[in-house]
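These entries record, in order, what I looked up in the structure and what I read there. I ask the reader to keep the model in view while following them.

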Amino acid sequence: MEMPLPPDDQELRNVIDKLAQFVARNGPEFEKMTMEKQKDNPKFSFLFGGEFYSYYKCKLALEQQQLICKQQAPELEPTAALPPLPQPPLAPAAPIPPAQGAPSMDELIQQSQWNLQQQEQHLLALRQEQVTAAVAHAVEQQMQKLLEETQLDMNEFDNLLQPIIDTCTKDAISAGKNWMFSNAKSPPHCELMAGHLRNRITADGAHFELRLHLIYLINDVLHHCSGVLAGRPWAPLPPWPPPPGSAVLSSPC
């Protein structure tokens with residue numbers, strides 16, 4: 001009978017070979033204990049009839065045969081003058097400890113689990129990078145589509161945003177707000193301006209003042225819109241700072 005082929009994975013082959021040695025030395029109880037402990041570990045599927053089960057059984061049989069040969073002392077041939085001496089019964093073989101320097105089964109299992117954990121973490125990190133890149137690409141494509149559709153001059157918008165970022169004066173806020181209202185001609189126009197502000201605020205290099213001052217601009221625009229929706233032609237901003245308990249955020253500029 002030919003020996004079944006071992007696994008190509010050298011680590012898995014080491015696990016199978018080492019377990020076959022331990023079971024041959026310590027008996028089937030060791031195999032049962034391993035099956036109980038590793039029943040949910042796919043690395044040990046060969047114990048339950050999975051792939052390489054035949055290789056494991058053949059390896060176990062070879063280890064058992066080699067162990068028997070080592071334990072049996074060579075028999076003396078009888079001579080004509082002396083009758084053969086009675087052979088005492090062989091004592092049960094004590095479990096043979098693993099060779100010095102060889103990793104134990106628990107160490108092999110822990111190493112395998114650590115390798116799997118590291119691989120899973122790497123795959124998760126890679127997946128997150130791919131998702132982040134895909135989202136950024138989709139946002140960029142959408143912004144480019146809106147630019148082509150609306151033909152808005154975003155450089156002009158940035159020129160109005162810069163004084164707001166630098167000084168946040170009332171005149172700067174008013175100029176930026178008026179530009180937005182005069183160019184809010186359709187939903188795509190509004191989406192483009194909102195997306196541009198979002199990108200400026202959420203950019204990696206955006207400092208605190210930039211984010212805060214652009215949020216003041218957005219708040220003033222929304223406050224004005226809420227007044228228009230309520231039927232007022234314009235809605236004056238409340239004084240700054242707001243009274244205690246007020247939830248209104250308005251520009252201090």
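**Entry 1: two loop residues**

I placed Gln 151 in the loop between α4 and α5; helices here are DSSP runs of H or I with at least four residues, strands are runs of E with at least two, and both are numbered from the N terminus. Before going further I noted that this is a predicted model, in which local features need pLDDT of at least 70 and side-chain atom pairs count only at pLDDT 80 or more, while totals for chains, interfaces and linings use all residues. I also noted that residues are numbered from 1 along each chain as its sequence is written, and that side-chain values use heavy atoms, with hydrogens and water left out.

Is Gln 151 buried or exposed? Its relative accessibility is 63%, so I entered Gln 151 as exposed (buried means under 20% relative accessible area, exposed over 50%, and partly exposed in between, with a 1.4 Å probe and protein chains only). Its phi is near 60 degrees, which is a positive value in a residue other than glycine.

I then turned to Phe 52, in the loop between α2 (28-37) and α3. Phi of Phe 52 is also positive, near 70 degrees, and this residue too is not glycine. Phe 52 has 22% relative accessibility and therefore counts as partly exposed.

**Entry 2: the chain as a whole**

I counted the elements next: the chain has 8 helices and 0 strands. Of its 253 residues, 28% are buried. I also looked up the contacts (heavy atoms within 4.5 Å): among those with a separation of 6 or more, 67% join residues 24 or more positions apart.

**Entry 3: the nonpolar cores**

Which residues have the most contacts inside the largest nonpolar core? I listed Phe 157, Leu 161, Met 180, Leu 197, Leu 214 and Leu 217, in a core of 23 residues (a nonpolar core is a set of buried Ala, Val, Leu, Ile, Met, Phe, Trp, Tyr and Cys residues joined through side-chain atoms within 4.5 Å). At least two residues of this core come from each of α4 (105-150), α5 (154-166), α6 (170-183), α7 (187-202) and α8 (208-229). I followed Leu 197 and, leaving aside its neighbours within four places in sequence, found it in contact with Phe 157, Leu 161, Met 180, Leu 214, Leu 217 and Ile 218. A second, separate core has 17 residues, including Val 15, Ala 24, Phe 30 and Leu 47.

**Entry 4: α7 against α8**

I read an angle of about 155 degrees between α7 and α8, with their axes 9 Å apart (axes are lines fitted to C-alpha atoms, for helices over the stretch in contact, and angles run from 0 to 180 degrees between N-to-C directions). The two helices α7 and α8 are therefore roughly antiparallel (angles under 35 degrees count as roughly parallel, over 145 as roughly antiparallel, 65 to 115 as roughly perpendicular and the rest as oblique). On the α7 side the contact includes Leu 197, Arg 200 and Ile 201, and on the α8 side it includes Leu 210, Leu 214 and Ile 218.

**Entry 5: α6 against α8**

The axes of α6 and α8 come within 10 Å and cross at roughly 55 degrees, and I therefore entered α6 and α8 as oblique to each other. Among the residues in this contact are Ile 173 and Met 180 of α6, and Tyr 216 and Leu 217 of α8.

**Entry 6: α1 against α3, and Asp 17**

I found that the axes of α1 (residues 10-26) and α3 (residues 53-71) come within 8 Å and cross at roughly 45 degrees. This pair, α1 and α3, is therefore oblique as well. One of the α1 residues that meet α3 is Asp 17. Asp 17 is buried, with a relative accessible area of 14%. Not counting residues up to four places away in sequence, Asp 17 touches Tyr 55 and Lys 59.

**Entry 7: Met 143**

Where does Met 143 lie? I located Met 143 in helix α4, and its relative accessible area of 12% makes Met 143 buried. With residues up to four places away in sequence not counted, Met 143 touches Leu 192, Gly 195, His 196, Arg 198 and Asn 199. I closed with the C-alpha atoms of Met 143 and His 196, which are separated by 8.1 Å although the two residues are 53 apart along the chain.
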